[in-house]
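Student: Please take a close look at one part of this model, the surroundings of its ligands. State the cut-offs as you go, and place that part in the rest of the chain.

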Amino acid sequence: MPSPEPEALLSTVFGFSAFRPSQEEIVRAVLEGRDTLAIMPTGGGKSLCYQLPALCREGVTVVISPLIALMRDQVRGLRAAGVEAGALTSGNTEEETEEVFAALDAGRLKLLYMAPERLGSSATLPLLRRIGTRLIAVDEAHCVSQWGHDFRPDYLRIGDLRKALGVPLAAFTATADAETREEIVARLFGGRTPATFLKGFDRPNIHLAFAAKDQPRRQILNFAAARKGLSGIVYCATRAKTDALAAALREAGHTAIAYHAGMEADDRRLAETRFQREDGLIVVATVAFGMGIDKPDIRWVAHADLPKSIEAYYQEIGRAGRDGAPAETLTLYGPEDIRLRRAQIDEGLAPPERKAADHARLNALLGLAEALSCRRQKLLAYFGETAEPCGNCDLCENPAEVFDATEAVRKALSAILRTGENYGSGHLIDILTGTLTNKVRDRGHDQLPTFGVGRELSRGAWQGVFRQITGQDLIRPDAERHGALRLTETALPVLKGETRIELRKDAVRTAPKTAVKTLVSEEDAPLLSALKAKRRALAEAARVPAYVIFPDRTLIEMAEARPGTLDEMARVSGVGAKKLESYGAAFLEVITGARVEMHPARRKLAGTEEGSLFDRLEEVQRGLVRGLDGTGKYLSCTHTTLRRIAETRPKTLSDLDRIGGLGEQKLDRFGKAFLEILSDA
Ligand code: ADP
Ligand code: ZN
């Protein structure tokens, strides 16, 4: 049998009309059997890049993926699309495992998902040899990096497995930094550079916003309140905070749970599964909540504390809106965050170069937090991409008001220097504003020339100045001296009056109330809710996450396009042949409010050219049921026969006869008319 064409499978199996630009190249490289490393943003559509080649290629593709729950959902999703896939994990029931082996022995299985733990077993290599493994796909390939918090020691066995099997390997990750990439190449590919694809970091559907911490808990509660009923994640810097904030959210009427690495493994798994399955659950988590989630319809991500680096920020917000539908983010930050993150770096065990790089990554994030114009432009610039102002970030929507802060900053810097770089911002602000506290008096700081030189700004404004110049890395808290502020090299030109500096006026403003973006217009909203309700019912009946039935984006398209027939339904992105057959009618009934009457034989052809051929055949047949003069004996072909004719498109009467089911009389009555239609097609 010739291998199926990737484009054909893209629409029949996955229901997509076209590859995304980056997917096409990657799929081609994988199909050609090249070693491949693809770095694509979350939601970029990595899975398709190995699933599709797996279907086109001979033999079995083994997929190594770090999380059991995630693998099981992928397998469910593939099965729902009619693909022979199975998983071997410790989460399997005996029956499931038997089923996988039966499918392998029968040579039916195309994709075998495997937990990395299995690679440690001596039975694995012979198994993979026996079943005809032709390709290894590695999901979340950055798990091989010892520096990341996602490190999985078992990933280190993959390199040897690849060598032993002598098959190509395709590795996928969303982690962009160069060090991680090098580690992946060294460990998975034995140092031989694979075909590498690094692209498209923009996630235009994700709205970006930062706000200085004001009343952080209130800020998060407000943000969540405006998005009630939508799935979201709140990231916190500490475990204790996750519990407290989850409780506060529950009190405010949300369904919210905490998640952190200190929890029992079972509880963590339960939380992951619930999040994956339930609509509208909020998880309040530390960064430990990351890879376990493969939920495409997360509608918002909030940071209650500043992430540790620009990469971490990108990855964490990137968990929202993988389905391409609008998603929103809010990142809070304050001086204590900056202190904490700097201290974590300084106190870590990494070598000095690594520490310096980590400070730079934190600086890049602070620069983003204190940006004065389009955040997306800045974020993408960090990843080496240029872009126009996006119109989908808080600064595009509400441009920052800036003022020339050169004088103010010089006063602040000189207060730091004159007190020997020994104090934090609170005491320094007392000096600047001329506030006579005991501490000021005891140290004689009321005698300094800087005492009271900053009365023109309020305390709040000074806090804004200190936060912003910390963000711009003019000053740094010293972890070894209880956060005493000291100047960095960057401060010198400002201090000497060589450069001017602008800061935002509204540094401590309360975040503007941005209207919540709705997924569809008001007009389509009720239909979308109805479609979601249908999806929930189907998902619950099948015991799968909602998006395995259809992702949000597909429902949104349905609500907007309002297909009136199964043929039109088939044109909606995400509706492949198998899903159309399983769920098409159910959703169509929600849209049209009428029962879908379509013969199963015709339903199989919905959305295809054969489908419209079928309709034309049926139409001429209707005109001829009693012959040309309308007085003949009633004759008609079955739907199954018509379908076979539409599918095989015979060219001659004898071809038509060979299809069977017609017989001499019907061949006589319809044959010529049918062939005419077929010859035009
Ligand atoms: P990643 O693993 O890169 O985070 P996924 O593979 O989960 O992303 O894909 C993200 C979403 O994009 C999924 O909902 C998927 O169905 C959808 N998708 C992938 N490829 C296409 C495509 N060519 N056209 C439309 N949607 C796509
Ligand atoms: Zn913007």
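Tutor: The protein contains 31 helices and 18 strands, both being DSSP runs numbered from the N terminus (H or I over at least four residues for a helix, E over at least two for a strand). This is a predicted model, in which local features need pLDDT of at least 70 and side-chain atom pairs count only at pLDDT 80 or more, whereas totals for chains, interfaces and linings use all residues. Residues are numbered from 1 along each chain as its sequence is written, chains are lettered from A and ligands numbered from 1 in the order in which they are written, and side-chain values use heavy atoms, with hydrogens and water left out.

Taken along the principal axes, the C-alpha atoms fill a box of roughly 115 × 60 × 45 Å. Of the 681 residues, 53% are buried; buried means under 20% relative accessible area, exposed means over 50%, and partly exposed is in between, with a 1.4 Å probe and protein chains only.

Now the ligands, beginning with ligand 1. It is surrounded by 14 residues, the closest being Gln-23, Gly-43, Lys-46, Ser-47 and Arg-322; a residue counts as near if one of its heavy atoms lies within 4 Å. By class, this shell holds four nonpolar, six polar and four charged residues. Here Ala, Val, Leu, Ile, Met, Phe, Trp, Tyr, Cys and Pro are nonpolar, Asp, Glu, Lys and Arg are charged, and the others, Gly among them, are polar.

Backbone atoms of the protein meet polar atoms of ligand 1 in several places. A polar backbone atom of Ala-18 is 2.9 Å from a nitrogen atom of ligand 1. Two further pairs involve oxygen on the ligand side: a polar backbone atom of Lys-46 is 2.8 Å from an oxygen atom of ligand 1, and a backbone N or O atom of Gly-44 is 3.4 Å from an oxygen atom of ligand 1. Ligand 1 exposes 570 Å² when taken alone, and the protein buries 85% of that area. Such areas come from the Shrake-Rupley method with a 1.4 Å probe. A polar contact is a pair of N or O atoms within 3.5 Å; within protein, one must be able to donate a hydrogen and the other to accept it, and residues adjacent in sequence count only if both atoms are side-chain atoms.

Ligand 2 is a zinc ion, coordinated at 2.4 Å by the SG atoms of Cys-374, Cys-390, Cys-393 and Cys-396. Donors are N, O and S atoms within 2.8 Å of the metal (3.2 Å for Na, K and Ca), and since water is not among the atoms, sites may look incomplete. The spacing of the donor residues in sequence is C-x15-C-x2-C-x2-C. The arrangement is tetrahedral because the four donor atoms subtend angles of 101 to 118°, and four donors count as tetrahedral if all angles lie between 85 and 135 degrees. Two of the donor residues can be placed by accessibility: Cys-390 is partly exposed at 25%, and Cys-396 is partly exposed at 26%.

The rest of the chain supplies some context. Leu-417 belongs to helix α17 (residues 406-418) and is partly exposed because its relative accessibility is 39%. Its C-alpha atom is 9.4 Å from that of Leu-485, 68 residues apart along the chain.

Helix α18 (residues 425-432) includes Asp-430 and also Ile-429. Asp-430 is buried, at 11% relative accessible area, and its side chain makes a polar contact of 2.8 Å with that of Arg-459. Ile-429 is buried as well, at 1%; the C-alpha atoms of Ile-429 and Phe-466, 37 residues apart along the chain, are separated by 9.0 Å.

Finally, two loops. Ala-141 lies in the loop between β5 (133-138) and α7 (158-165) and is buried, at 0% relative accessible area. Ala-141 and Gln-276 are 22 Å apart, C-alpha to C-alpha, and 135 residues apart in sequence. Glu-140 lies in the loop between β5 and α7 and counts as buried because its relative accessibility is 19%. Most residues other than glycine have a negative phi. Glu-140, not a glycine, has a positive phi of about 50°. Arg-543 also has a positive phi, near 55°; Arg-543 sits in the loop between α22 (525-542) and α23 (546-549) and is exposed, at 67%.

Terms used
Four donors count as tetrahedral if all angles lie between 85 and 135 degrees; four count as square planar and six as octahedral if opposite donors are over 155 degrees apart and all others between 65 and 115; anything else is irregular.
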